[in-house]
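Colleague: I am new to this structure and would like a close look at one part of it. Please take me through some of the helices and how they pack.

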Amino acid sequence: MKTLIIAEKPDMGRNIAAAIDPKAKNHRTYIEGEQYIITWAIGHLIGLAEPDAYDDKYKKWNFNDLPIIPGTFKLVPNYKTKDQLKVIAELAKRSKELVNACDAGREGQHIFSLIQRHLKLRHPVKRLWISDLTPETIRRGFAELKEGSEYDNLTKAARARSEADWLIGMNGSRAFTTKHNELLSVGRVQTPVLAILYDRQKEIEAFRSSKFYEVEALFRQGETEYKGLWQGERLTDPDKAAALAAKLKGKPGVIASYEVKDTKEYPFRLYDLTLLQREANAKYGYSAKKTLDIAQSLYEKHKVISYPRTNSNYVTEQNIAEMHRSLDQLRGTSYGDLAEQADKRLVHKNNRAVCNPAKVEDHHAILPTHKKAGGLSADEQNVYDLIVRRFLSHFYPAAEYKVHTVLTEVERETFKSTIKQLLSLGWKVIYEDQKKEQAKRKSKTDKEGEEEPEEEISTPFSLNAKEGVLCAKTAAKEKETQPPKAYTEGTLLKAMEGAGKQVEDEELRDAMKDSGLGTPATRASVIERLKQVGYIVMQGKRIVITQKGRTAVELIRGAGVDLLTSPEMTGHWERRLNEIARGLASDEAFMANVKKFTNLIVDKVRVQSKADKTAFEGEAPSAGAAKRTRKTRAAAGSGANEAAAAPAAKRTRAARSAGAAKTPASGTRSRRSTAAAAVGGAAEGAAQPVRAAAGAAAPGAPAQAEAARPGIAACPRPGCGGRIIMGRRGYGCTEYKAGCGFVIWKDSFGASLSETAVRFLIEKGRTALMQLTDENGRPVEGRLALADRSTGRLTVESVSAT
């Protein structure tokens, strides 16, 4: 009998076959050679059963049936991929042992475990645990196969995560939905992430801007000039600021203090997935999901990077030789000049900024492999470029500076100056061709309220502390305090990694990785989930919470289950799952606590007052302004939004009163109803068949009415044969179940888009002139342009400021 190898996806199975048995015969659903049979899952072939699998009564959404806590969780095959599951079952009958070759991580372990449990496979198991898909790595991995039992604790953690998400998602969603007669999705990870966004939005709305004034001076000593910032208390009176500037102009001064310090700046850490997603969002505007999909393609399809779903920024001693080999490979590419100047001696086992085995768990940092990249799409090239440049930077020395700190006194007034003098570019030469773009981006994201400006120069700088200076010029500059920034997907990922805390310190960031919200592999799907259920919308790069999202958080907190919205507490749960994976904690104890909390949620919601239906209606606030006047809102086109919203609300009420469909609280729903699908995704890391907000009818709308909707236009996503249809909050593709994520939100940049406008936008690439709100919340006249034909991302082409 042969050995059956089960990979996670077809591409991976074919890569394995090519590496270990290139003469094996391809039978479409499996590949068979003399020693091995290689087949694959297609993602999740099996999932946890819906509640009605335990009792038919659960087909009705009835609060009195809660909580639903199965004694043993039932497994059900995914009906779309059940044929492949049958293939695995038949092949297992001809096999003496199994090799788990699913992705080397918690989810990959879970996928294999579900197949094993459902098919009742009792074969001995070996584990293939590799970090890239080059033939050499695959062959080495098979030469060093591990015992499957070594990963039993990881399996327990994966199972606990899945079942905990089911308990909280199913019970929480049904409890709040039936209580308040509005489809409300609740999740172990998604709800605290929503709370992070809610709290930031409240901070923005509570913020009141105020003006202040900074006095700057230009000092001269011989041929040397430098700027300084006045160090007194913040000035709020423009006359006082102007008087101070006038008093000091042209006056002599003295250098009260002058310090010079040599400093070095070392390369940034190698990428883990979250850091890669953050930077791709900041530089290219890619969503977390898009970056993950691209990275997965670079890993699986092109085999030019190592395993991307990692939470480590370091490598082990065994990876050093591979890094040197990858560097050699880059010498024959467009990175040749940079690779030629690189120094292998800087990347060695004692360089703790690169090699730190104690901080590598399942996988090392993301690295380029020694396979040359070819045939990459523009998006793939962008992400690959980020990874390669970060990799190359570690083969270069530190950038060196002299930092001059000067305190200058004029008329007993003190000014502070910081001059950063570049001595050697070092690793920053890697990014020299991108310097202008980086400076432009940085100027947009600089923090308000920083101390004295740091002036960076590349020419020699020196002062004689014993000589006087002249205050040649002065200026009183008007400034305005800024509200907290709305989250982008990049900054939200950072907050999720720190369990809601904005962690700047790299050491602390590392320490908190185990207690973040979700995992590197699941954070993107959590953000996508919040979009799908209508809790958030995108305004440019900014994430804005909708009225429904706001009300959901308020109801959950109002019910007295604040723990469900606590990022820190949910982070502790994630840490416990990581401890289970290491054998340091009990999965049974963890699940017992989750069940107690599930009961608490139901008990608290039971006595909660029902929310008014109007609490869920309303537009998403602008992310770009702390407060907008009625006049500004009208100029930005919100009047059109309100006009469009009114008949929609009226139609919804009319449909309800006519009994077109029953709500989950009072009526029967089919097993695959809209509501069931919405909370069927409670296992937040898994890909569930969820109806996207853009393509979904309002809860309770007849399926026939939805099917009869005429298509607005062909989906512009390359390779997609779907049609764009109107949903409750946006315009989405009919092929959403096949993975098409194209969506244009009805309310975008202050405009309410009609079907005609969307058809014109798709066909022509931009709308006619209209009143809009730009990414900073400012009213402008301009056009909406289709920036990404794969996702529906829009940008504003401004004509003139209002």
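Modeller: What follows is about three helices and their contacts.

This is a predicted model, in which local features need pLDDT of at least 70 and side-chain atom pairs count only at pLDDT 80 or more, while totals for chains, interfaces and linings use all residues. Residues are numbered from 1 along each chain as its sequence is written, and side-chain values use heavy atoms, with hydrogens and water left out.

Helices here are DSSP runs (H or I, at least four residues), numbered from the N terminus. Helix α10 covers residues 317–330. Its 14 residues should span 20 Å at 1.5 Å a residue (1.5 Å times one less than the number of residues), and the 21 Å between its end C-alpha atoms agrees with that. Among the buried residues of α10 (under 20% relative accessible area, 1.4 Å probe, protein chains only) are Ile320, Met323, Leu327 and Leu330. The buried residues of α10 pack against α11 (336–341) and α12 (378–393).

Helix α12 also meets α8, residues 273–284. The axes of α8 and α12 (lines fitted to C-alpha atoms over the stretch in contact, with angles from 0 to 180 degrees between N-to-C directions) come within 11 Å and cross at roughly 120°. The two helices are therefore oblique to each other (not under 35 degrees, over 145 or 65 to 115). In their contact (heavy atoms within 4.5 Å), the α8 residues include Leu275, Leu276 and Tyr284, and the α12 residues include Val383, Leu386 and Arg390.

Notes: Buried < 20%, exposed > 50% of the residue type's maximum accessible area, 1.4 Å probe, protein only.
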